[in-house]
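This report goes through selected local features of one model, taking charged pairs, a surface patch and backbone angles in turn.

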Amino acid sequence: MRNLLVLFAFLAFLGAASGLAVAQSSAERPAATPAESATPPAAAATPTGQTQAPLAASPENQDKAATPAVGSDKPASAAPASPAAPAETTEARKEIAAARDALVQVLQDPVGRAALVGLLEGLGKSGAVGQSAQPGTAANGGGTAGERALSGQISDFSRQAFGDIASVFNRISVSLKGLKLLFTGQIQVKWDKVREIAAELSVVLGVALSTYWLLRFGGRFGATWLVRRFGARGWMWRVGLLIGLGLADLAAIFLALIVSAVVAGTLHLETLGGDITLVESLTLDAFLAAGVSRVMVRLLLSPDHEAVRLVPFSTASARYWAIRVGNLLSYLVYGVILAVPIANMTMSLAIGNALRVIIILSAAGFAIWLVVANAARVRLAIQAYAATLDGELGRSAMHLLGRVWAAIAILYTLVVLGIWITRPLEAIEVVVSATFFSIVTVVVGGISSMVLTRAIAGGIRLPDHIKETLPALEGRVNAVVPHLLKAVRLVLLILTLAFLLDAWSVIDLGGWLKAGAGADIVGQLASAAFVILLGCAAWLAVMSWIDLRLRPSGDTIVSARERTLFQLFRNAFTVVVIVMTGMLTLSELGLDIGPLIAGAGVIGLAVSFGAQTLVKDIITGAFIQIENAINEGDVITVAGINGTVERLTVRSVRIRDINGTTHIIPFSSVDMVSNFMRDFSYHVAVIGVSYSTDIDVAKAAMKEAFDTLKASPAGGSIIGDLEMHGVIAFADSAVNLRARIKTFPGAQWATGRAYNEHLKRAFDTHQIDIPFPQVTYHIASEPPVAAKAPAMDAPAESGKGPAGA
């Protein structure tokens, strides 16, 4: 990693020399006139768009800025600084001297000189690749990015991508040239330094690992007890317990780090005054980085405690992946942070650079092999888990993840490889920070998505006292909130993807948000979301208020008219809220709603001409409600249909008849309304008795049956006494008597049924016949038959003669 420091020292030397020249020229420049002082000394712009610092105009100033010769002890310019020179001149000279000394040391070392030459060759080739893309870019980019053709942008992107790939392979080939120096014997291994480093490394790393594993072994029993006691209490307890176990693991790592540092400082108490060496410091850094990496893996997979595991892995799968991913990270961390610096110190910078590339390539190869070897098994496991989900969106997302997870993992490995190769000085910081933020983003997004999914599937549960006061509120909340939560989950998914892309520098989310367009879009979305939330809250509040008004309390009884009007108001307010919320949301999103309003007016006018029946429905319904002709729960007859009113709108009435059939009747077909539920009702009893029945006895029996009914529980609906109308008709086989019973509205049918039962018993008691249709057959008697005279020629019986013979 330190081979690039050689190039940095060389460039720093040149930059310091240039800075000194600028400082000297500024110090020796004559004082500006008032006119000149009014103009700020801005940097002059070059034709390429770059800026150049102002240079000294006189040859004398340029001579004073000459570059010092390599190997000299003093700067080339021996002219003393003028008294007016600023204090920065002295600092610049010190920087030049330090950079010069570093460059001299590099050039005097054959190995360092070879590494510098290799780096300069690699940078030259990569710079040529990068510069080759600039002319095409300039040729296509005659204007802004928005004005360029799409084909030109794609061409530039492809050229830059291939240039980056070529740069990666070129860096790899240049870095591996150091092995040739080792194999040919140009670089010798410093075995005395190796033995010294091995002794320091064994002590520090041995103490750190021993302390850490002892602490982990001692805390394992407590962790198992906590998981058994609190692991089954709910997902919040599980997440909190998992975070607590992770913090305890980190505490063990830091404690082991402190113990190892104290031991190392104690060993160097006499030589270094209690400080630790560079190798020991690097060892502790590698131990900390590897330990934190393993803790993050265990936090995600939880291989030892299934009860707090966040991912749907079996214990065997969790241990499999935790061991292999943890070993891979440890190999990478110890190799780059510890092995590469040791190679630099014991052999050469070129060998360290080559070892770094070998470690990175081998780690990437192992990671890709691990992904390819387990691609099918992981895909089947993800699809099996998807089958257990309830939501269609979750199942589709998991099936998609099962198909592309291997490609995502391989792409991640290649991206990390490219960063390690092209940006070695900041690769650890970039990869660790990007990976850490990616894991945090995925974990936070996954947990939030799980919470939202459970809330969507299980619904919102209100406290019991609220459900007693507002029984319908929970249903309305669950009718609105799950849809809002689905929108929040979608936004959360988009934000997660955006943060992941920003973590890997694919997009600049912060810059986009600071720019005018990003801030405007976020502000518009936030305003639209606030409008939607406000509309939903207003709708729920008004619906709850209507429920309170329609809920009987104490002696207050809600009339049918109030119930009907509030129901109509509920429907109308719902339509108004939907329309207003939609229009305001579109307005906050930047759409001009003026044409929409005008278009709605034109459409309404066209509909009014083309749908005259609909207009008639609404107008007739409005007058029916004004006149209080129909209310919900009334028993009415409209359009020849008799039944109970179940629902009223401004356009139609829904009736359910006695057979259970539902009828929806538009008001345009209603020419007359018969309502059986206004003020009071009558049960009209028409009773037929036989012609042989005494009328007074029959009336007395009817009055007796009424008195018995009134004394029974069913008599609570009766208003007043029995109205006896007497004989109203002589029918074919009966004399019809009529009486009328006044009742509360709606009770006439139940009262009539009960009165008929009591009347039948009274007629049976008084032996009053209730005629019924019957047929009587009368059979006529036969006339008497005369005796027939015997025949004249019939013989007479013996012993007897004819009479009078």
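Arg 298 has a relative accessibility of 15% in this predicted model, and because buried means under 20% relative accessible area, Arg 298 counts as buried. Its partner in a salt bridge is Asp 249, and the side chains of the two residues meet at 2.5 Å, N to O. Arg 298 belongs to helix 10 (residues 278-301) and Asp 249 to helix 9 (residues 235-267), so the pair ties together parts that are 49 residues apart in sequence. Asp 249 is likewise buried, since its relative accessible area is 11%.

Side chains of opposite charge can pair when their charged atoms come close. The count of salt bridges in the model comes to 10, and three of these pairs are set out below.

| Pair | N to O distance | Relative accessibility, basic residue | Relative accessibility, acidic residue |
|---|---|---|---|
| Arg 298 and Asp 249 | 2.5 Å | Arg 298, 15% | Asp 249, 11% |
| Arg 654 and Glu 646 | 3.5 Å | Arg 654, 32% | Glu 646, 29% |
| Lys 703 and Asp 707 | 2.9 Å | Lys 703, 37% | Asp 707, 38% |

In the pair with a distance of 3.5 Å, Arg 654 counts as partly exposed at 32% relative accessibility, and Glu 646 is also partly exposed, with a relative accessible area of 29%. For Lys 703 and Asp 707, whose side chains meet at 2.9 Å, both residues lie in helix 23 (residues 695-711), where they are four residues apart, or about one turn of the helix. Lys 703 is partly exposed at 37%, and Asp 707 is partly exposed at 38%. Apart from these pairs, a network of salt bridges links Arg 476, Asp 547 and Arg 570.

On the surface, a nonpolar patch is formed by Trp 512, Leu 513, Ile 521, Val 522, Leu 525, Leu 589 and Leu 591, which together have about 580 Å² of accessible area. Which helices each supply at least two residues of this patch? They are helix 18 (509-514) and helix 19 (516-550), and helix 19 gives the most, with three residues. Trp 512, for its part, is placed in helix 18; its relative accessibility is 37%, and Trp 512 therefore counts as partly exposed, a value that also satisfies the requirement of over 30% relative accessible area for residues that make up a patch.

The backbone also deserves attention, and two residues can be described here. Ala 639 has a positive phi of about 55° although it is not a glycine, and this residue is found in the loop between strand 3 (635-638) and strand 4 (641-648). With a relative accessible area of 41%, Ala 639 is partly exposed.

Asp 679, a residue other than glycine, likewise has a positive phi, with a value near 65°. The loop that holds Asp 679 runs between strand 7 (673-675) and strand 8 (681-689). Is Asp 679 buried or exposed? Its relative accessible area is 69%, and because exposed means over 50%, Asp 679 falls in the exposed class.

Notes:
Residues numbered from 1 in each chain as written. Predicted model: local features only at pLDDT ≥ 70, side-chain atom pairs only at ≥ 80, totals over all residues. Heavy atoms only, no water. Patch = residues over 30% accessible without salt bridge, like charges linked within 9 Å, V, L, I, M, F, W, Y side chains within 5 Å. Areas by Shrake-Rupley, 256 points an atom, 1.4 Å probe, with all protein chains shown as cover. Salt bridge = Lys/Arg side-chain N within 4 Å of Asp/Glu carboxyl O. Buried < 20%, exposed > 50% of the residue type's maximum accessible area, 1.4 Å probe, protein only.
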